[in-house]
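Me: I am new to this structure and would like to go through its sheets slowly, with a reason for each term that is used. Could we begin with how the strands are arranged?

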Amino acid sequence: GWDDDTLPEHFGQALEQMRDTRGLIMDVRCNGGGNESLAQQVAGRFVPEEFVYAYNQFRDGPAYTNLTKKDARKVQPLGPWRYQRPVILLIGQKCMSTAESFVGMMLGDPNVTTMGDHTCGSSGNPKIYNLPMDLTVAVPVWIDYKPDGKPLDENGFQPQVPFTPEPNAFAGTRDNLLTAALARLRQGR
């Protein structure tokens, strides 16, 4: 998840060690989200220029049609250098919220290829309400849109390279998607 404030610093240190690699595989398949500014700091190490990765609208009145104008959310280059070799970003159905925003951010890098399954399609910047009887409700406070202007909720991101697993593709320590991503990097794609 995107919930550790030291993540960008640790990622920067790891990226420095991988500076001369032929390519990277990043896996956000099971990332449920968190702090979007942390994701921006990581994605900023890859994007060559400022990039609109999402839009959002807030409710602005009592009717569901009372909405603010769409505001663009942007990521910009960060750090002393950016990684400019092929990156395969593994995505899947358990990738949601800020992790999906991260996918949108990374699409600003022409060297990134998404691979796997569609993302969850779930955001909304939830506000948590604790109710009587130990009930907790998460209520979205915005409508989240992908860079193409389509709503993120119930749509998510489709992978550029879809992966349809065969039976037992993820049995035990096996991860056939990771194996396929490694093979793709070795082929220079």
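Reply: In this predicted model, four strands form an open sheet in the order β1-β4-β5-β9, and their pairing is parallel.

Me: What makes β1 and β9 the edges of this sheet?

Reply: β1 (24-27) and β9 (161-162) each have a single partner strand, so one side of each is left without a neighbour in the sheet.

Me: How do you know that β4 and β5 count as a pair?

Reply: Two strands pair if at least two bridges are found between them; strand β4 (residues 87-91) and strand β5 (residues 112-116) are joined in the parallel sense over five bridges, so the condition of at least two is met. As one example of such partners, isoleucine 88 has threonine 113 in β5 as its bridge partner.

Me: Which strands make up the antiparallel sheet, and why do β3 and β8 stand at its edges?

Reply: The order of this open sheet of three strands is β3-β2-β8, with antiparallel pairing. Because β3 (71-75) and β8 (142-145) each have a single partner strand, one side of each is without a neighbour in the sheet. On average, neighbouring strands here are turned by 30° against each other, direction ignored.

Me: What makes β2 and β8 a pair?

Reply: Between strand β2 (residues 51-58) and β8 there are four bridges in the antiparallel sense, and since a pair needs at least two bridges, the term applies; within β8, isoleucine 143 stands opposite glutamine 57.

Me: How do you know that helix α3 packs on the sheet?

Reply: Helix α3 (residues 98-106) touches β2, β3 and β8, where contact means heavy atoms within 4.5 Å. The direction of helix α3 makes about 140° with that of β2.

Conventions: Residues numbered from 1 in each chain as written. Predicted model: local features only at pLDDT ≥ 70, side-chain atom pairs only at ≥ 80, totals over all residues. Heavy atoms only, no water. Helix = DSSP H or I, 4+ residues; strand = E, 2+ residues; numbered from the N terminus. Axes fitted to C-alpha atoms, helices over the stretch in contact; angles between N-to-C directions.
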